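This report examines selected features of one protein chain. Please keep the sequence and the structure in view while reading.

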Amino acid sequence: MAPSLAQAYRRRWWMAITAIIENLLFSAVLLGWGSLLIMLKNEGFYSHVCIDNETVKTNVTSMENVKWSTCVQQEEILNLGFTIGSFLLSAATLPLGILMDRYGPRPLRLVGSSCFAASCAMIATAAYNPEVLSVLIFLAVSFNGFGGICLTFTSLTLPNMFGNVRSTILSLMIGSYASSAVTFPGVKLIYDLGVSFRIIMWVWSGMACLVFLNCFFNWPAESFPAPEDIRYFKKVKLSGVVTEDKMTGDRYVTHMTTMEDTVGARQPGPEQTDSQSTSQGSVPLCHSICSPILLWSLITMAMTQLRLIFFMGAMNKMLEFLVTHGNPNPSEELQKEAEEQVGFYSSIFGSMQLLCLLTCPMIGYIMDWKMKECEEENANAQAKKSQSDPPKSDRIIQKLTNAMRAFIFTNILLVTFGIISLIDNLPIQVVSFVLHTIVRGFIHSCCGGLYAAVYPANHFGTLTGMQSMVSAAFALLQQPLFILMLGPLSGDPYWINLGLLLFSLAGFLLPGYLYYHRRNLIIAKAERDRLAASQSDKVNTPLTQSGGGTPKNEDSGLAANGYTPNGNTVY
């Protein structure tokens, strides 16, 4: 039932539009944990661990009117579920990359949609009797995180079908993934209108089944080749129509030519195959893994991931502290105000996640700055370069320059976010929400663009997956930090935020090394150009002296005006 690659190419716009919608509704929805946590507490998940719980013997029919008790132990247990789910959301990228390279995106997308549907079904089932089935929340968030990253990871290969607009489609895919944190706040709005939590989860599970069907009927079994792949070609059909004159018996042939875009598997020539295999095999994977750029990028990404994940996991408690100011025995009015403020600002934070759809193309513009000019310069210079010339480093230098600027800009936003988080003022935290959303959308695009610039194409998937796994493992520290905040610090996040702010300054080490590496490349390029110019002078000097009496200074004057003695233009 799987369509061919040519059929999928004709359906690429349908696949792209549905993939963006599916990313919004089913990918990284777990990042909207603040709103889900409120609904889980209202439904009584792990309320039985609270000492003053008065609803232990309540039957199922009257549970909707029950006011469940809450406590610190309950929030610690539920936050552990968020830690597990967010870990799988990033750590699964390395094995997924290996499996997708081997089997293509179709089976992974089918498995991912099935896992997401199962996660929603498990949450709905546990809501019928949370005192007994609360433990299912850990399995549910694990399936949710794994299914979400499957849908996200497979959608990132789809932009390969769009040629010149690939970067635009890719930025929309990344933006929809980052904006999916708005889904649970949207679900909470429906929940606040009185719709049953169990009905919402069952409907969501059914919608995930539609994702399964869409993938089953429209996604091909093959992986999507890059636009540079030779399987993309123009198919030209030449047909002839033969007409015969009945009076004279003469025959006339009319030729008709039709052209269409199509996709097919065309084998490269032997010389091209040899050159491709040589270039890909020239740099071993261990050399890329041990490079300083990867080391500094791992530090930067791990630090940023921990900073962002901790804020999302502890946001509700931090907002509550800003209202109660750590009062151990708040009044009933203060408790009610804290609940209202936390719910209100959680909804604002969730709604702002849609900004990722607008901000992700911005960082893509920074990463592509002046790249078209490099292509034109390289194309103009191609005529006068021999095959023995070194690789075009101008393009690499420009990519490094763009990546350096993008990381500096992102780190400045991250430090600003950390400073605002230290301010004991609730309304100003809306600015931190905006900065958090922008940084979360920027950082992955920066890292992907850097890896694409400095590493071979056949190493990109492995290095990206390894970076995500290391970042996810480091982000597990958010659970002990959360326990530290609720325990010894009595809910005060100031010292943890201050420590993370100082730690975030390490993010500037990567652009610092990129500047050093870029400077070395510029020096090396200048040295190569100088050697090439000196060798060219040595070759041209005898030819000028034996030029049939033509004065040397006349040739120089022609060349200075853009022409050579043989009449060709100098580019």
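Lys188 is buried, with a relative accessible area of 9%; buried means under 20% relative accessible area, exposed over 50%, and partly exposed in between, with a 1.4 Å probe and protein chains only. The side chain of Lys188 meets that of Asp192 in a salt bridge of 2.9 Å, N to O, where a salt bridge is a side-chain nitrogen of Lys or Arg within 4 Å of a carboxyl oxygen of Asp or Glu. Asp192, by contrast, is partly exposed at 46% relative accessibility.

The model is predicted: local features need pLDDT of at least 70, side-chain atom pairs count only at pLDDT 80 or more, and totals for chains, interfaces and linings use all residues. Residues are numbered from 1 along each chain as its sequence is written, and side-chain values use heavy atoms, leaving out hydrogens and water.

**Salt bridges**

The structure holds 7 salt bridges. Side chains of opposite charge can pair when their charged atoms come close. The table lists three of the bridges, each with its helix; helices (H or I, at least four residues) are DSSP runs, numbered from the N terminus.

| Pair | N to O distance | Helix | Separation in sequence |
|---|---|---|---|
| Asp192 and Lys188 | 2.9 Å | H10 | 4 residues |
| Lys317 and Glu320 | 3.3 Å | H14 | 3 residues |
| Lys525 and Asp529 | 2.9 Å | H23 | 4 residues |

An α-helix has 3.6 residues a turn, so residues three or four places apart point the same way. Lys317 counts as buried at 15% relative accessibility, whereas Glu320 is partly exposed at 29%. These two residues also belong to a network of salt bridges that links Lys41, Glu75, Lys317 and Glu320.

**Cysteines**

How many disulfides are there? The count comes to 1 disulfide, a disulfide being a pair of cysteine sulfur atoms within 2.5 Å. The partners are Cys50 and Cys71, with sulfur atoms 2.2 Å apart. Both cysteines lie in the loop between H3 and helix H4 (72-91), 21 residues apart. The link is left-handed, with -85° about the S-S bond. Cys50 is buried at 4% relative accessible area, and Cys71 is buried at 17%.

Cys286 is in no disulfide; its nearest cysteine sulfur, that of Cys290, is 6.1 Å away. Cys286 counts as exposed, at 51% relative accessibility. Because the sulfur of Cys447 is 8.5 Å from the closest cysteine sulfur, in Cys446, the two are too far apart for a bond. Cys447 is buried, at 2% relative accessibility.

**Nonpolar cores and helix H15**

A nonpolar core is a set of buried Ala, Val, Leu, Ile, Met, Phe, Trp, Tyr and Cys residues joined through side-chain atoms within 4.5 Å. Of the 104 residues in the largest nonpolar core, Phe197, Trp204, Leu450 and Leu514 touch the most other members. Helix H14 contributes the largest share of this core, 17 residues. Beyond its neighbours within four places in sequence, Leu514 is in contact (heavy atoms within 4.5 Å) with residues including Ile293, Phe407 and Leu450. Another core, of 16 residues, lies apart and includes Ala8 and Trp219.

Helix H15 (residues 332-351) has 20 residues, which at 1.5 Å a residue should span 28 Å; its end C-alpha atoms are 29 Å apart, in agreement. The expected span is 1.5 Å times one less than the number of residues. Among the buried residues of H15 are Leu334, Val342 and Phe349. What covers the buried residues of H15 includes helices H3 (33-42) and H14 (292-324).

Methods: Helix = DSSP H or I, 4+ residues; strand = E, 2+ residues; numbered from the N terminus.
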